[in-house]
Amino acid sequence: MIRKRLAAVVAAASVAALVLSGCSGGGGDVTAQAKQFNKNTTAEISFAWWGNDDRADRFKKAISLFNKKYPNIKVTRNFASFADYWTARNTEAAGRTLPDLMMMDPNQLAEYSRKHLLQDLSPLRNNVMPLDGLSDSALSVGKANGELDSIPLGTNAWSMMYNKDLLDKLKIPYPTDHMTWSELKIFVRKVDKAGASAKPSQYGSSDYTGSLPGFIYWRMQQGEGVFTKDGKPAFTQQDVVDYVDSVKDLRADGSFFPIKRNAALSPKDGFLAGQYALWFNFSTTLLQAMTDSGTNRIGIVPAPAPDGVDTHVLATHPSLLLSVSANSQQKAAAAALLNFLVTSPDVAKIFGTSLGVPETQQARTAAAETNATPADKPILRYDRYVQSQRTPAYPSLPAGYGTIETKWGDLHQQLEYGKITSRQFAQQLFDEMSVSLGN
Amino acid sequence: MMTAQLASGAQHGAPRRRTTWRRRRDIGAGYAFLSPWLIGFFVLTAGPMVASLVLSFTDYDLFSAPSPVGFANYTRLFTDSNYLQAVKVTLLYVVFGAPLKLIVALAVAVLLNHARGGSGFYRSAFYLPSLIGGSVSVAIVWKAMFTDKSIVANIGSFFGGPPAESGGWVGNPSMTLPMLILLTVWQFGAPMIIFLAGLKQVPTELLESASVDGAGPVRRFTRITLPMLSPVLFFNLLLELIHSFQVFNSAFIISNGTGGPVRSTLFYTLYLYQRGFSDFQMGYASAMAWVLLVVIGLVTLMLFRTSNAWVHYGGDEK
């Protein structure tokens with residue numbers, strides 16, 4: 001009797017769960033929506049992104065322009081800091097309640113795509129989302145698992161930024177476009193020496209082997225790959241050891257900005273606090289560097305090249321992307337907003353290069369004419385320089401890449417605190433990759 | 001006999017039915033009033049608990065269907081260096097944080113119990129940190145107080161410590177846990193108020209007669225006050241231990257959710273959160289949650305078992 005009742009309860013619960021999951025997931029029929037969509041379509045969609053209040057104000061302006069074109073699409077906006085954004089999206093993903101349109105990180109794209117959380121946008125190209133002016137190579141970065149799951153808002157490239165105020169104060173000439181890694185070491189020591197008497201003491205750089213993108217560019221400079229086509233590492237533990245040990249001398253003699261001070265400043269950074277001169281990051285972060293460090297006098301040049309090599313490896317990389325969620329009931333309306341944000345020159349006038357260098361020539365020209373942010377001119381100049389260099393493409397990032405990048409940062413912190421050796425660093429990185437990348 | 005019973009039943013049947021009906025109606029009304037809590041308990045507490053127990057035996061990434069893995073999640077705990085670090089950090093916090101907080105709370109309560117004037121003001125002032133202690137803003141302020149070039153770093157440097165520009169306590173892995181323990185000790189207001197209520201119950205005539213018999217203040221405290229306060233002490237200790245095992249907010253804010261620097265603030269619940277919501281290893285996170293529940297249960301049981309030896313209730317023969 002009890003068993004029968006239990007079975008009945010379990011059956012009822014299963015039916016309820018199925019009904020609920022049916023209600024929450026699935027999404028609308030994309031082909032039918034694409035056919036029926038027009039400028040007067042009525043819809044209500046949600047759009048989420050990460051960023052600060054300034055970005056939120058710009059999106060507000062961009063959406064009001066969109067509403068002039070599509071007056072019956074109501075857009076509910078939602079934004080958060082990067083970390084909070086992903087906590088919220090991951091929780092929503094579990095319940096299949098992701099926003100209709102969402103900002104996507106290149107590091108997360110493969111993971112979200114593998115879990116079938118994103119809508120393949122190909123069926124929407126003809127009627128709703130023509131993406132005029134976008135090149136095939138631009139579109140290719142949003143492809144994952146054979147589907148068009150994301151569209152880049154812009155591009156950026158790895159770079160070396162420097163604080164002109166700090167270097168002027170220490171009477172040190174700025175770094176140049178054509179430095180080598182050996183010359184960089186000399187530069188760092190020179191700044192350290194000059195900044196030793198400052199209060200607090202100022203440094204040339206933090207340990208620049210601390211991020212995975214730096215390693216990727218370093219591998220590309222050697223003419224080597226990073227990930228295989230099936231998403232496995234194309235490097236050995238020894239390659240990792242060689243890379244982090246390439247600055248062993250600077251680390252050992254305390255030439256880098258102390259990790260203790262950097263940890264205390266987190267989530268800010270010693271560079272943003274005006275305490276060291278050089279910062280390695282993607283070029284889109286130039287505006288953040290200017291805003292957070294309180295000076296627009298931040299220069300940008302390519303990261304150094306290996307000794308004896310006179311060309312740089314400067315492959316562009318998608319800065320930010322937009323995706324329509326698979327659970328969206330209003331995919332066509334979400335795709336229309338996506339198309340507008342990516343291609344409209346008016347949107348480029350609002351954002352400048354703060355979402356990356358716009359993908360279409362028209363939008364790039366509009367951004368260059370407007371100078372919406374103080375970072376636009378140097379970023380566009382840097383982009384022209386990058387385009388003039390012949391370099392290999394930035395590698396496709398496998399599912400699980402985001403976890404590996406975080407792990408690299410954690411392990412590097414332990415290395416800098418002297419808790420692990422470079423060999424243990426490599427060993428533990430490979431242990432994590434065997435779980436996250438499924439080696 | 002049977003006939004008599006039947007007859008009696010027939011005779012009293014109507015009023016009994018009425019009583020039973022009324023009783024059932026009362027019970028129904030009782031459950032109706034309880035239903036908001038009952039629904040909340042089963043849907044939001046008991047249901048998820050059972051679900052997490054089931055999930056702890058599966059590999060579940062939130063997106064795909066869970067696949068059974070037996071005890072693999074539980075056995076993995078013993079080989080996961082981050083998990084062992086989280087256990088170590090949490091145990092240190094529990095062992096040092098909870099007793100220190102209670103000692104400070106008791107000491108201040110004793111002082112306030114003897115205060116002649118302004119005790120109301122001090123009681124409120126000391127209780128205030130408990131009200132705001134768990135908040136994000138306090139953790140942020142705490143971080144600012146102990147970071148590079150902060151007030152604490154400057155004071156330390158003045159007294160011969162490391163220079164104020166060397167990362168402060170926040171950047172120094174050996175000092176981050178003491179910093180978080182200090183934060184919890186500073187929030188001693190709630191146990192202090194409970195201690196103060198307990199102290200008011202200690203009969204003054206007992207203390208006075210002990211004084212007449214020649215007992216000094218220390219002897220009066222250890223032989224009279226403390227034993228009479230032991231039920232309150234037991235209650236406070238139990239609550240603080242359970243809270244300490246579950247600490248999350250302060251470490252999350254101060255380390256920006258990383259448990260750093262170098263895993264020095266990687267508390268159990270923080271690591272559980274990372275595994276569940278950053279790495280999507282919900283099965284593993286569920287196993288961690290159940291181990292924590294069992295450990296807290298065992299600690300509570302142990303406290304109750306040992307309480308016979310040191311907790312003295314009114315009317316006790318011991």
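Tutor: A helix is a DSSP run of H or I at least four residues long, numbered from the N terminus. The model under discussion is predicted.

Student: What makes H15(A) a helix under that definition, and which part does H15(A) play in the lining of the second largest cavity?

Tutor: Helix H15 of chain A runs over residues 345-351, a run that meets the requirement of at least four residues. H15(A) contributes 3 residues to the lining of the second largest cavity, the most of any element.

Student: Which residues line the second largest cavity, and which elements give two or more of them?

Tutor: The lining consists of Leu153(A), Leu341(A), Val342(A), Val347(A), Ala348(A), Phe351(A), Gly352(A), Leu355(A), Gly356(A), Pro358(A) and Ala363(A). Helix H14 (331-343) and helix H15 (345-351) of chain A are the elements that give two or more. The volume of this cavity is about 80 Å³.

Student: How are the lining residues of the second largest cavity divided by class, and what makes glycine fall where it does?

Tutor: There are 9 nonpolar, 2 polar and no charged residues. Gly counts as polar by definition, and Gly352(A) and Gly356(A) are among the lining residues.

Student: How many cavities of 30 Å³ or more are found, and over what part of the structure does the search extend?

Tutor: The search covers the whole structure and finds 3. The largest cavity holds about 100 Å³ of space, and its lining comprises 14 residues. Nearest its centre lie Trp158(A), Trp181(A), Tyr217(A), Gln221(A) and Ala303(A). Helix H9 (residues 212-221) of chain A gives the most to this lining, with 4 residues. By class, the lining of the largest cavity has 11 nonpolar, 3 polar and no charged residues.

Student: Where does the second largest pocket lie with respect to domain 1 and domain 2 of chain A, and how do you know?

Tutor: Domain 1 (24-154 + 319-380) and domain 2 (158-315 + 393-436) of chain A both supply residues to the lining, and therefore the second largest pocket lies between them. Its volume is about 1,200 Å³. Of its 47 lining residues, Ser140(A), Val141(A), Tyr394(A), Pro395(A) and Ser396(A) lie nearest the centre. The elements that give two or more residues to this lining include helix H5 (106-114), helix H6 (136-140) and helix H17 (376-388) of chain A. H5(A) gives the most, with 4 residues. The lining of the second largest pocket comprises 23 nonpolar, 16 polar and 8 charged residues.

Student: Why is Glu359(A) classed as it is, buried or exposed?

Tutor: The relative accessibility of Glu359(A) is 11%, and the cut-off for buried is under 20%; Glu359(A) therefore counts as buried. Glu359(A) lies in the loop between strand S13 (357-358) and H16 of chain A. Its C-alpha atom is separated by 11 Å from that of Leu321(A), 38 residues away along the chain.

Student: Why are S2 and S6 of chain A said to stand at the edges of their sheet?

Tutor: The open sheet of 5 strands has the order S2-S1-S3-S12-S6 (chain A), with mixed pairing. Strand S2 (73-80) and strand S6 (151-152) of chain A each have a single partner strand, so one side of each is left without a neighbour in the sheet.

Student: What makes S3(A) count as paired with S1(A) and with S12(A)?

Tutor: Pairing requires at least two bridges. S3(A) and strand S1 (residues 43-50) of chain A share 2 bridges in the parallel sense, while 4 bridges join S3(A) to strand S12 (residues 321-324) of chain A in an antiparallel arrangement. Both pairs therefore satisfy the definition. Met102(A) has Ala48(A) opposite, and its bridge partner in S12(A) is Ser323(A).

Student: Which way do the residues of S3(A) point?

Tutor: In a regular strand the side chains alternate between the two faces of the sheet. Leu101(A) and Met103(A) point one way and Met102(A) and Met104(A) the other way, and all are buried.

Student: How does the radius of gyration of chain B stand against that of a compact globule?

Tutor: For 318 residues the globule would have a radius of gyration near 20 Å, but chain B has 27 Å. The C-alpha trace of chain B spans about 100 × 75 × 35 Å along its principal axes. Chain B is divided into domain 1 (15-45) and domain 2 (73-317), whose C-alpha centres lie 41 Å apart. Its secondary structure comes to 13 helices and 2 strands, and 38% of its residues count as buried.

Key: Residues are numbered from 1 along each chain as its sequence is written. Chains are lettered from A and ligands numbered from 1 in the order in which they are written. This is a predicted model: local features need pLDDT of at least 70, side-chain atom pairs count only at pLDDT 80 or more; totals for chains, interfaces and linings use all residues. Side-chain values use heavy atoms; hydrogens and water are left out. On a 1 Å grid over the protein atoms alone, a cavity is a set of points where a 1.4 Å probe fits but cannot get out, and a pocket is an open set with protein on both sides within 12 Å along at least five of seven lines; lining residues have an atom within 4 Å of a point. Grid points are joined across faces, edges and corners, and a volume is the space filled by probe spheres set on the points. Domain bounds come from an automatic or database domain assignment. Buried means under 20% relative accessible area, exposed over 50%, partly exposed in between (1.4 Å probe, protein chains only). The radius of gyration is taken over C-alpha atoms; the globule rule is 2.2 Å times the number of residues to the power 0.38.
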